[in-house]
Amino acid sequence: MSNPFIQLAHRGKNQWWRYLIGALLVLFFFQFVGAIARYLIAAVVLVLYSLGGGDLAAAIPDINQIELGGQVVDGVSPIVTYIFLNSVFPFFLLGIYLALKFLHGRSLFTLITPTKRINWKRIAQGFMVHTILLVILFFVSYLRSPEDFALTFEPGAFLAFLIPVLLFTPLQTATEELFFQGYLLQGIGSHLGKWPAIILPSLLFTLLHASNPEVLTQDSWQSTASIVLYYFIVNAFSAWITIKDKSLELALGIHAANNMTLFLLVTRSNSVVPTPALFTTTALEADFSLLLMTALSLWAFSFIIFRVFKHPTLEAETT
(Lines give C-alpha, C1' and ligand atoms only; values in the text may rest on other atoms or scores of the structure.)
Protein backbone atom coordinates (compact mmCIF):
# COMPACT_ATOMS: atom_id res chain seq x y z
CA MET A 1 0.00 0.00 0.00
CA SER A 2 1.05 3.61 -0.55
CA ASN A 3 -0.39 4.67 2.82
CA PRO A 4 2.49 6.25 4.80
CA PHE A 5 1.39 4.59 8.04
CA ILE A 6 1.31 1.13 6.45
CA GLN A 7 4.67 1.79 4.80
CA LEU A 8 6.27 2.12 8.22
CA ALA A 9 6.35 -1.68 8.22
CA HIS A 10 9.18 -1.44 5.68
CA ARG A 11 11.38 0.48 8.14
CA GLY A 12 12.41 -2.93 9.44
CA LYS A 13 12.43 -6.58 8.45
CA ASN A 14 8.98 -7.22 7.04
CA GLN A 15 8.63 -10.89 6.08
CA TRP A 16 5.19 -12.30 6.89
CA TRP A 17 6.55 -15.06 9.12
CA ARG A 18 8.11 -12.47 11.41
CA TYR A 19 4.64 -11.08 12.14
CA LEU A 20 3.29 -14.54 12.84
CA ILE A 21 6.07 -15.27 15.33
CA GLY A 22 5.88 -11.74 16.69
CA ALA A 23 2.13 -11.90 17.29
CA LEU A 24 2.50 -15.23 19.10
CA LEU A 25 5.33 -13.79 21.20
CA VAL A 26 3.27 -10.75 22.16
CA LEU A 27 0.24 -12.86 23.07
CA PHE A 28 2.53 -15.18 25.10
CA PHE A 29 3.74 -12.22 27.16
CA PHE A 30 0.18 -10.92 27.50
CA GLN A 31 -1.66 -14.12 28.30
CA PHE A 32 1.03 -16.24 29.99
CA VAL A 33 3.80 -14.08 31.47
CA GLY A 34 1.28 -11.41 32.47
CA ALA A 35 -0.98 -14.06 34.00
CA ILE A 36 1.87 -15.40 36.12
CA ALA A 37 2.59 -11.89 37.35
CA ARG A 38 -1.09 -11.39 38.09
CA TYR A 39 -1.24 -14.54 40.21
CA LEU A 40 1.88 -13.48 42.09
CA ILE A 41 0.13 -10.21 42.84
CA ALA A 42 -2.94 -12.20 43.87
CA ALA A 43 -0.83 -14.26 46.27
CA VAL A 44 0.52 -11.11 47.90
CA VAL A 45 -2.98 -9.63 48.15
CA LEU A 46 -4.33 -12.80 49.74
CA VAL A 47 -1.51 -12.81 52.30
CA LEU A 48 -2.22 -9.19 53.17
CA TYR A 49 -5.92 -10.01 53.31
CA SER A 50 -5.40 -12.80 55.81
CA LEU A 51 -2.88 -10.85 57.89
CA GLY A 52 -5.29 -7.95 58.05
CA GLY A 53 -7.99 -10.08 59.55
CA GLY A 54 -10.03 -10.14 56.35
CA ASP A 55 -10.35 -6.40 55.94
CA LEU A 56 -7.87 -5.80 53.14
CA ALA A 57 -8.75 -2.21 52.35
CA ALA A 58 -10.52 -0.82 55.39
CA ALA A 59 -9.08 2.62 54.81
CA ILE A 60 -10.55 2.92 51.30
CA PRO A 61 -14.34 3.31 50.92
CA ASP A 62 -16.73 1.59 48.50
CA ILE A 63 -15.54 -1.95 49.06
CA ASN A 64 -16.49 -4.72 46.61
CA GLN A 65 -15.50 -8.25 45.65
CA ILE A 66 -12.82 -9.73 43.43
CA GLU A 67 -11.65 -13.19 42.39
CA LEU A 68 -7.94 -13.53 43.15
CA GLY A 69 -6.12 -16.69 42.17
CA GLY A 70 -9.39 -18.57 41.90
CA GLN A 71 -10.59 -17.47 45.34
CA VAL A 72 -13.38 -14.93 45.81
CA VAL A 73 -12.36 -12.33 48.35
CA ASP A 74 -14.69 -9.79 49.93
CA GLY A 75 -13.47 -6.47 51.26
CA VAL A 76 -11.21 -5.57 48.34
CA SER A 77 -11.10 -1.98 47.15
CA PRO A 78 -11.94 -1.17 43.51
CA ILE A 79 -8.44 0.31 43.36
CA VAL A 80 -6.92 -3.10 44.14
CA THR A 81 -9.26 -4.72 41.62
CA TYR A 82 -8.35 -2.21 38.95
CA ILE A 83 -4.59 -2.51 39.45
CA PHE A 84 -4.88 -6.31 39.56
CA LEU A 85 -6.72 -6.43 36.23
CA ASN A 86 -4.27 -4.01 34.59
CA SER A 87 -1.13 -5.68 35.87
CA VAL A 88 -0.72 -7.66 32.63
CA PHE A 89 -0.32 -4.65 30.36
CA PRO A 90 3.33 -3.81 31.12
CA PHE A 91 4.14 -7.36 29.99
CA PHE A 92 1.91 -6.96 26.93
CA LEU A 93 3.89 -3.82 26.03
CA LEU A 94 7.20 -5.58 26.71
CA GLY A 95 6.20 -8.32 24.26
CA ILE A 96 5.51 -5.72 21.55
CA TYR A 97 8.87 -4.06 22.20
CA LEU A 98 10.78 -7.36 22.04
CA ALA A 99 9.03 -8.42 18.82
CA LEU A 100 9.84 -5.12 17.14
CA LYS A 101 13.44 -4.99 18.33
CA PHE A 102 14.54 -8.57 17.73
CA LEU A 103 12.27 -9.71 14.88
CA HIS A 104 11.86 -6.49 12.89
CA GLY A 105 14.71 -4.23 13.94
CA ARG A 106 12.58 -1.12 14.39
CA SER A 107 11.24 1.01 17.24
CA LEU A 108 7.90 1.42 18.99
CA PHE A 109 7.70 4.92 17.53
CA THR A 110 7.16 3.42 14.06
CA LEU A 111 3.83 2.04 15.28
CA ILE A 112 2.53 5.57 15.89
CA THR A 113 3.37 7.98 13.09
CA PRO A 114 5.50 8.39 9.95
CA THR A 115 6.43 11.93 11.04
CA LYS A 116 9.29 12.98 13.29
CA ARG A 117 7.08 13.91 16.23
CA ILE A 118 3.89 12.63 17.80
CA ASN A 119 1.00 15.04 17.21
CA TRP A 120 -0.31 15.36 20.76
CA LYS A 121 -2.95 17.80 19.55
CA ARG A 122 -4.43 15.08 17.34
CA ILE A 123 -4.55 12.67 20.29
CA ALA A 124 -6.27 15.37 22.35
CA GLN A 125 -8.81 15.98 19.57
CA GLY A 126 -9.71 12.30 19.46
CA PHE A 127 -9.96 12.16 23.24
CA MET A 128 -12.07 15.30 23.55
CA VAL A 129 -14.54 14.59 20.75
CA HIS A 130 -15.12 10.98 21.79
CA THR A 131 -15.56 11.94 25.45
CA ILE A 132 -18.18 14.56 24.56
CA LEU A 133 -20.08 12.08 22.38
CA LEU A 134 -20.03 9.42 25.13
CA VAL A 135 -21.37 11.90 27.68
CA ILE A 136 -24.16 12.90 25.27
CA LEU A 137 -25.08 9.23 24.73
CA PHE A 138 -25.14 8.68 28.48
CA PHE A 139 -27.52 11.57 29.11
CA VAL A 140 -29.76 10.44 26.25
CA SER A 141 -29.98 7.03 27.95
CA TYR A 142 -30.58 8.71 31.30
CA LEU A 143 -33.41 10.87 29.96
CA ARG A 144 -35.04 7.85 28.31
CA SER A 145 -34.92 5.69 31.46
CA PRO A 146 -33.91 7.66 34.56
CA GLU A 147 -35.17 4.86 36.80
CA ASP A 148 -32.32 2.65 35.55
CA PHE A 149 -29.66 4.95 37.01
CA ALA A 150 -28.70 5.87 40.55
CA LEU A 151 -26.36 8.66 41.57
CA THR A 152 -23.71 6.89 43.66
CA PHE A 153 -21.01 9.57 43.77
CA GLU A 154 -18.82 9.33 46.86
CA PRO A 155 -16.07 11.98 46.73
CA GLY A 156 -13.48 10.02 48.72
CA ALA A 157 -13.82 6.79 46.74
CA PHE A 158 -14.07 8.61 43.41
CA LEU A 159 -10.99 10.77 43.93
CA ALA A 160 -8.95 7.82 45.23
CA PHE A 161 -9.92 5.80 42.16
CA LEU A 162 -9.22 8.70 39.80
CA ILE A 163 -5.46 8.46 40.39
CA PRO A 164 -4.95 4.86 39.16
CA VAL A 165 -7.35 5.50 36.27
CA LEU A 166 -5.23 8.41 35.08
CA LEU A 167 -2.05 6.36 35.51
CA PHE A 168 -3.00 2.92 34.23
CA THR A 169 -5.76 3.45 31.68
CA PRO A 170 -3.53 5.25 29.13
CA LEU A 171 -1.02 2.40 29.46
CA GLN A 172 -3.73 -0.22 28.90
CA THR A 173 -5.40 1.49 25.96
CA ALA A 174 -2.16 2.58 24.28
CA THR A 175 -0.75 -0.95 24.51
CA GLU A 176 -3.83 -2.44 22.86
CA GLU A 177 -3.74 0.18 20.10
CA LEU A 178 -0.01 -0.36 19.49
CA PHE A 179 -0.67 -4.05 18.97
CA PHE A 180 -3.96 -4.11 17.04
CA GLN A 181 -3.88 -0.82 15.11
CA GLY A 182 -0.09 -0.61 14.99
CA TYR A 183 1.77 -3.91 14.80
CA LEU A 184 -0.93 -6.11 13.28
CA LEU A 185 -2.43 -3.44 11.01
CA GLN A 186 0.94 -2.52 9.51
CA GLY A 187 2.05 -6.12 9.13
CA ILE A 188 -1.16 -7.39 7.56
CA GLY A 189 -1.69 -4.21 5.55
CA SER A 190 1.77 -4.31 4.02
CA HIS A 191 1.18 -7.87 2.78
CA LEU A 192 -2.57 -8.26 2.22
CA GLY A 193 -3.97 -4.74 1.89
CA LYS A 194 -6.28 -2.40 3.78
CA TRP A 195 -9.39 -4.49 4.39
CA PRO A 196 -7.66 -7.58 5.80
CA ALA A 197 -5.68 -5.17 8.00
CA ILE A 198 -8.96 -3.84 9.37
CA ILE A 199 -10.90 -7.10 9.65
CA LEU A 200 -8.35 -9.64 10.92
CA PRO A 201 -7.05 -7.68 13.96
CA SER A 202 -10.65 -6.75 14.81
CA LEU A 203 -11.59 -10.43 14.89
CA LEU A 204 -8.70 -11.13 17.26
CA PHE A 205 -9.64 -8.11 19.42
CA THR A 206 -13.21 -9.43 19.63
CA LEU A 207 -12.03 -12.93 20.51
CA LEU A 208 -9.81 -11.66 23.33
CA HIS A 209 -12.74 -9.68 24.80
CA ALA A 210 -15.32 -12.46 24.37
CA SER A 211 -14.79 -13.71 27.94
CA ASN A 212 -15.62 -10.33 29.53
CA PRO A 213 -18.55 -10.42 32.01
CA GLU A 214 -20.52 -8.08 29.73
CA VAL A 215 -20.57 -10.89 27.15
CA LEU A 216 -20.95 -13.93 29.39
CA THR A 217 -23.85 -12.55 31.45
CA GLN A 218 -26.17 -11.88 28.48
CA ASP A 219 -29.31 -14.03 28.50
CA SER A 220 -30.05 -14.32 24.77
CA TRP A 221 -28.16 -14.85 21.56
CA GLN A 222 -29.26 -11.43 20.29
CA SER A 223 -27.76 -9.74 23.35
CA THR A 224 -24.54 -11.72 23.11
CA ALA A 225 -24.27 -11.03 19.37
CA SER A 226 -24.80 -7.32 19.99
CA ILE A 227 -21.93 -7.12 22.47
CA VAL A 228 -19.62 -9.21 20.28
CA LEU A 229 -20.40 -7.08 17.22
CA TYR A 230 -19.90 -3.96 19.31
CA TYR A 231 -16.31 -4.99 20.09
CA PHE A 232 -15.67 -5.78 16.43
CA ILE A 233 -17.14 -2.51 15.14
CA VAL A 234 -15.27 -0.34 17.62
CA ASN A 235 -11.90 -1.91 16.79
CA ALA A 236 -12.60 -1.88 13.05
CA PHE A 237 -13.45 1.82 13.29
CA SER A 238 -10.19 2.53 15.11
CA ALA A 239 -8.32 0.68 12.36
CA TRP A 240 -10.17 2.60 9.64
CA ILE A 241 -9.45 6.03 11.10
CA THR A 242 -5.82 5.03 11.67
CA ILE A 243 -5.46 4.30 7.97
CA LYS A 244 -7.43 7.38 6.95
CA ASP A 245 -5.52 9.70 9.31
CA LYS A 246 -2.21 8.00 8.45
CA SER A 247 -1.24 7.71 12.11
CA LEU A 248 -2.25 6.00 15.36
CA GLU A 249 -2.90 9.25 17.19
CA LEU A 250 -6.69 9.43 16.87
CA ALA A 251 -7.08 5.80 17.91
CA LEU A 252 -4.95 6.45 21.01
CA GLY A 253 -7.23 9.33 21.99
CA ILE A 254 -10.47 7.45 21.30
CA HIS A 255 -9.57 4.34 23.28
CA ALA A 256 -8.35 6.29 26.31
CA ALA A 257 -11.48 8.47 26.24
CA ASN A 258 -13.75 5.44 25.97
CA ASN A 259 -12.32 3.58 28.95
CA MET A 260 -11.78 6.59 31.21
CA THR A 261 -15.27 7.94 30.60
CA LEU A 262 -16.93 4.59 31.22
CA PHE A 263 -14.88 3.91 34.36
CA LEU A 264 -15.62 7.30 35.89
CA LEU A 265 -19.12 8.10 34.61
CA VAL A 266 -21.17 4.92 35.05
CA THR A 267 -20.59 1.43 36.40
CA ARG A 268 -22.64 -1.77 36.06
CA SER A 269 -22.94 -4.92 38.11
CA ASN A 270 -21.65 -7.01 35.20
CA SER A 271 -18.82 -4.68 34.22
CA VAL A 272 -15.39 -6.22 33.70
CA VAL A 273 -14.03 -3.49 36.01
CA PRO A 274 -16.39 -2.44 38.84
CA THR A 275 -15.70 1.18 39.76
CA PRO A 276 -16.89 3.89 42.20
CA ALA A 277 -18.32 5.88 39.28
CA LEU A 278 -20.65 8.86 39.40
CA PHE A 279 -23.64 6.70 38.46
CA THR A 280 -24.56 3.05 38.85
CA THR A 281 -26.94 1.30 36.51
CA THR A 282 -28.38 -2.15 36.13
CA ALA A 283 -26.43 -4.88 34.37
CA LEU A 284 -25.89 -4.19 30.71
CA GLU A 285 -28.57 -5.99 28.71
CA ALA A 286 -27.59 -5.36 25.14
CA ASP A 287 -29.70 -5.39 22.01
CA PHE A 288 -29.18 -4.23 18.46
CA SER A 289 -30.05 -0.65 19.43
CA LEU A 290 -26.58 -0.61 21.02
CA LEU A 291 -25.10 -1.10 17.56
CA LEU A 292 -27.25 1.66 16.10
CA MET A 293 -26.24 4.13 18.81
CA THR A 294 -22.59 3.11 18.39
CA ALA A 295 -22.75 3.57 14.61
CA LEU A 296 -24.31 7.04 14.99
CA SER A 297 -21.68 8.05 17.53
CA LEU A 298 -18.81 6.86 15.34
CA TRP A 299 -20.26 8.63 12.30
CA ALA A 300 -20.52 11.85 14.32
CA PHE A 301 -16.94 11.40 15.47
CA SER A 302 -15.59 10.96 11.95
CA PHE A 303 -17.62 13.94 10.69
CA ILE A 304 -16.28 16.24 13.40
CA ILE A 305 -12.69 15.02 13.16
CA PHE A 306 -12.38 15.04 9.37
CA ARG A 307 -14.74 17.88 8.44
CA VAL A 308 -14.64 20.30 11.36
CA PHE A 309 -11.04 19.91 12.49
CA LYS A 310 -8.29 20.48 9.98
CA HIS A 311 -6.67 17.28 8.80
CA PRO A 312 -2.97 17.50 9.63
CA THR A 313 -0.52 17.39 6.74
CA LEU A 314 2.14 14.76 7.15
CA GLU A 315 5.63 16.13 7.33
CA ALA A 316 8.00 15.19 4.56
CA GLU A 317 10.76 14.30 7.01
CA THR A 318 11.20 10.72 8.06
CA THR A 319 11.44 9.56 11.64
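A crossing of two helices is called right-handed if the near helix is turned clockwise from the far one by less than a right angle, and left-handed if it is turned anticlockwise. Keep that in mind for the first exercise, and remember that this is a predicted model.

**Exercise 1. Describe how helices H7 and H9 meet, and which kinds of residue make their contact.**

Step 1. Find H7 at residues 194-209 and H9 at residues 221-245. Their axes come within 8 Å and cross at roughly 145 degrees.

Step 2. Apply the opening definition: the crossing of H7 and H9 is right-handed.

Step 3. Pick out the residues that touch. H7 contributes Lys194, Ile198, Ile199, Pro201, Ser202, Leu203, Phe205, Thr206 and His209. From H9 come Val228, Tyr231, Phe232, Asn235, Ala236, Ala239, Trp240 and Ile243.

Step 4. Sort them by type: the contact of H7 with H9 has twelve nonpolar residues, four polar and one charged.

**Exercise 2. Work out whether H9 and H10 run roughly parallel or antiparallel, and what lies between them.**

Step 1. Helix H10 covers residues 249-265, and its axis comes within 8 Å of that of H9. The two cross at roughly 150 degrees.

Step 2. Angles over 145 degrees count as roughly antiparallel, so H9 is roughly antiparallel to H10.

Step 3. On the H9 side, the contact is made by Tyr230, Phe237, Ser238, Ile241, Thr242 and Asp245. On the H10 side, Leu250, Ala251, Ile254 and Asn258 take part.

Step 4. These residues divide into six nonpolar, three polar and one charged.

**Exercise 3. Lay out the sheet and say which strands stand at its edges.**

Step 1. Write down the order: E3-E5-E4, an open sheet of three strands with mixed pairing.

Step 2. Strands E3 (149-151) and E4 (266-268) each have a single partner strand, so they stand at the edges with one side lacking a neighbour in the sheet.

Step 3. Follow the twist, which averages 30 degrees from one strand to the next.

Step 4. Look at one pairing: E3 and E5 (residues 279-281) are antiparallel, over three bridges. In E5, Thr281 is the bridge partner of Phe149.

Step 5. Add helix H5 (residues 120-144), which packs on the sheet and touches E3, E4 and E5. The direction of H5 makes about 110 degrees with that of E3.

**Exercise 4. Decide whether Ser297 is buried or exposed.**

Step 1. Locate Ser297 in helix H11, residues 288-308.

Step 2. The relative accessibility of Ser297 is 8%. Buried means under 20%, so Ser297 counts as buried.

Step 3. Check the neighbours: leaving out residues up to four places away in sequence, Ser297 touches Leu133 and Leu137.

Key: Residues numbered from 1 in each chain as written. Predicted model: local features only at pLDDT ≥ 70, side-chain atom pairs only at ≥ 80, totals over all residues. Heavy atoms only, no water. Axes fitted to C-alpha atoms, helices over the stretch in contact; angles between N-to-C directions. Helix = DSSP H or I, 4+ residues; strand = E, 2+ residues; numbered from the N terminus. Contact = heavy atoms within 4.5 Å. Nonpolar A, V, L, I, M, F, W, Y, C, P; charged D, E, K, R; others polar. Pairing = 2+ DSSP bridges. Parallel < 35°, antiparallel > 145°, perpendicular 65-115°, else oblique. Buried < 20%, exposed > 50% of the residue type's maximum accessible area, 1.4 Å probe, protein only.
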